[in-house]
Amino acid sequence: MPPLLSLPLLVLLLLSPSLHAADDICIVGSGISGASTAFFLTNYTSALPHELRVFERRNKVGGRLATVTVSGDEFEAGGSIIHPRNLHVRRFAALLGLAARADGDDDDWLGIWDGGRFVFKTLCPPPPGSSWLRRRLHGVANSLLLLWRYGLSLFRMDSFVQEMLQKFLRYYNGFESRPVFDNVEEMLKWSGLYGLTQRTLEELIDAGMNSQTISELVTVITRINYGQSVSMSGLAGAVSLAGSESGLWAIKGGNWQLAAGLLKTANANLHLQEGIDSIFDAGDYYVLKSNKGQEYNCKVTVIATPLDEVNITFVPPISVPPRKMQHTHTTFVRGLLNPKFFGLSSVSDIPKLIGTMELPDVPFSCISVLKKHSEHDMTYKMFSRTKLGETLLDQIFSTREETVRIDWPAYPHYHAPEDFAPIILDGKHLYYVNSFESAASAMETGAVAAENIARLIISRLPLGLRARLSSPSSEKGPPEPHMESFIGEEDSRRVDL
Ligand SMILES: Cc1cc2nc3c(=O)[nH]c(=O)nc-3n(C[C@H](O)[C@H](O)[C@H](O)COP(=O)(O)OP(=O)(O)OC[C@H]3O[C@@H](n4cnc5c(N)ncnc54)[C@H](O)[C@@H]3O)c2cc1C
């Protein structure tokens with residue numbers, strides 16, 4: 001016969017977090033992937049019968065969606081641009097009542113720098129307040145200039161991107177015509193995108209584009225958007241090229257509000273500043289131990305952060321293919337660029353966006369003007385693969401009032417053929433959203449992966465989640481899920497700004 005428990009011990013055990021119901025759904029990470037998972041789980045069910053917990057080791061939500069303050073102004077520090085065909089994010093913004101702002105405009109002034117000189121520059125835009133006709137003429141002249149330098153390769157580049165986007169749109173199909181996927185390979189094969197992950201961008205576009213377009217324009221774009229060269233995988237490359245299209249936008253006040261709003265809508269129990277240190281498989285549930293010494297019993301655990309640089313102990317261990325994260329050092333500077341560094345005589349000759357070629361002497365991927373305070377006072381954002389030292393910054397800038405640095409483990413380092421971690425890490429209920437990030441990293445790909453995982457959980461759980469996913473024809477049920485309202489929107493390419 002077991003010894004009797006003393007009353008204080010009994011009370012202690014009853015209050016112990018490890019005795020929490022083992023039916024909770026727990027999400028590790030409050031970035032757009034974790035927040036979207038929480039949102040879709042609640043959105044696709046009438047009501048979650050159990051607690052939905054979201055753990056975030058930092059003191060704020062959003063992860064790689066964050067703003068930075070430079071001299072009192074706030075700027076996007078991580079994920080910044082949203083493509084007009086990013087339908088989940090677009091709908092999130094609408095549902096949450098978040099306003100959009102245009103990011104990048106038609107009169108952006110691009111220069112391509114090879115470490116010694118500008119090999120190509122678009123035309124300097126007309127001054128603000130110029131007539132519509134003058135701005136239009138400037139746009140036409142720039143198009144002709146690009147056509148003259150890169151020729152028909154521009155059309156090949158465009159059709160490569162459009163083909164990818166068209167296939168990606170399949171992820172917005174209704175439930176009847178879109179399966180639930182339990183591995184990334186099948187998910188990509190179904191949409192027709194898998195092939196793009198098995199060859200490099202360079203291999204895929206080599207036949208249709210001249211070498212100058214690849215070494216200049218395409219390289220500039222992949223270096224800006226993923227800090228990588230054209231030897232990255234073709235799908236990540238195509239996503240990166242899509243990020244140079246027109247109609248790009250962002251959330252006014254910061255994209256992190258998407259994550260915050262989705263978590264609130266999902267009514268998630270948010271554990272801020274509570275990192276998960278270990279995940280122990282206890283048979284029917286997982287025990288999550290946090291850095292606050294707490295334990296949580298979770299029926300389902302969703303990992304919504306790249307596992308490559310976080311230190312979570314899994315018992316028993318899990319196996320994911322090795323993946324390196326590409327670090328992007330984001331340096332914000334309030335000051336003024338030094339024209340001499342760029343071989344120019346006046347600062348007014350320096351383009352607003354400086355893209356760079358893949359050459360050993362080029363120390364950064366790009367520099368862009370975020371805000372022009374006056375002709376001699378601007379705020380810039382730079383991306384580089386390594387930290388930019390003080391001496392180098394003093395050469396690049398003639399004056400520097402404020403410098404803010406962020407070192408992001410920004411996105412996977414893409415290669416081809418790409419391999420993928422499982423979505424279900426243990427054959428049970430341990431899920432991994434960021435396995436899809438090996439296809440391409442973006443807010444929207446995080447949301448697409450999260451939506452699939454929410455459906456997968458619902459389809460595999462005997463929790464009595466009243467989802468309509470298994471019976472789409474049912475008349476009754478919760479209000480229209482987020483997905484269904486996409487019908488008819490697929491062709492609409494622009495957001496109303
Ligand atoms: C510089 C930069 C520029 C980018 N530009 C764009 C862009 O223009 N457009 C675009 O669409 N995308 C862009 N991206 C990519 C985009 O930001 C990411 O793909 C996306 O934000 C990833 O979201 P996530 O939720 O998957 O991961 P994350 O945002 O990284 O979220 C993971 C969260 O998990 C938390 N966490 C980690 N470990 C633990 C733990 N043990 N316990 C609890 N919490 C934990 C982290 O603190 C983090 O908050 C950019 C990224 C960077 C860095």
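This report walks through a predicted model, from the chain as a whole down to two threonines.

## The chain and how far to trust it

Let's start with the overall numbers. The chain has 497 residues, and 41% of them are buried. Its secondary structure adds up to 13 helices and 19 strands. Among contacts between residues at least 6 apart in sequence, 72% link residues at least 24 apart.

On confidence, the mean pLDDT is 90, with 88% of the residues at 70 or more. Two stretches call for care. Over residues 1-19 the pLDDT stays under 50, and the model has 9 contacts beyond four places in sequence for them. Residues 469-480 also stay under 50, with 16 such contacts in the model. Where pLDDT is low, the predicted coordinates shouldn't be read in detail.

## The main nonpolar core

The largest nonpolar core takes in 118 residues, and those with the most contacts inside it are Ala-38, Leu-41, Leu-258, Leu-263 and Val-433. Helix H13 (residues 443-460) gives this core its largest share, at 9 residues. Domain 1 (14-63 + 253-324 + 416-486) and domain 2 (105-134 + 325-412) both contribute residues, so the core lies between them. As general background, nonpolar side chains in soluble globular proteins tend to be buried together.

## Helix H11, wrapped up

Two of those core residues, Leu-258 and Leu-263, are among the buried residues of H11, along with Trp-256, Gln-257, Ala-259, Gly-261 and Leu-262. That makes 7 of the 10 residues of the helix (residues 256-265) buried, so H11 is largely enclosed by the rest of the structure. What do the buried residues of H11 pack against? The list runs to H2, E2, strand E3 (67-70), helix H3 (87-96), strand E8 (249-251) and strand E9 (269-272).

Leu-258 gives a close-up of that packing. Leaving aside neighbours within four places in sequence, Leu-258 is in contact with Ile-32, Leu-65, Val-89, Phe-92, Ala-93, Leu-98 and Ile-251. After H11 comes Asn-267, which has a positive phi, near 60 degrees.

## Around the ligand

The ligand has 35 residues around it, and the ones that come nearest are Gly-29, Gly-31, Ser-33, Gly-63 and Gly-79. Helix H2 (32-43), strand E2 (52-56), strand E14 (325-337), strand E18 (397-412) and H13 each give two or more residues to this shell. By type, the shell splits into 14 nonpolar, 16 polar and 5 charged residues.

Where does the shell sit relative to the domains? Domain 1 and domain 2 both supply residues to the shell, so it lies between them. H13 therefore turns up twice, as a contributor to the shell and as the source of the largest share of the core.

## Two threonines

Thr-122 sits in the loop between strand E7 (118-121) and helix H4 (132-150). Is Thr-122 buried or exposed? With 21 other C-beta atoms within 10 Å, Thr-122 is buried. Not counting residues up to four places away in sequence, Thr-122 touches Trp-109, Leu-110, Asn-142 and Leu-145. The C-alpha atoms of Thr-122 and Asn-142 are 6.0 Å apart, although the two are 20 residues apart in sequence.

Thr-313 belongs to strand E13 (residues 313-315). Having 11 C-beta neighbours inside 10 Å, Thr-313 counts as exposed. Beyond four places in sequence, Thr-313 touches Asp-277 and Ser-278. Between the C-alpha atoms of Thr-313 and Ile-279 the separation is 6.2 Å, with their positions 34 residues apart along the chain.

Key
Residues numbered from 1 in each chain as written. Predicted model: local features only at pLDDT ≥ 70, side-chain atom pairs only at ≥ 80, totals over all residues. Core = buried A, V, L, I, M, F, W, Y, C linked by C-beta atoms within 7 Å. Buried ≥ 20, exposed ≤ 12 C-beta atoms within 10 Å, placed from the backbone. Helix = DSSP H or I, 4+ residues; strand = E, 2+ residues; numbered from the N terminus. Domains from an automatic or database assignment. Contact = placed C-beta atoms within 7 Å. Near = placed C-beta within 6 Å. Nonpolar A, V, L, I, M, F, W, Y, C, P; charged D, E, K, R; others polar. pLDDT = per-residue confidence, 0-100.
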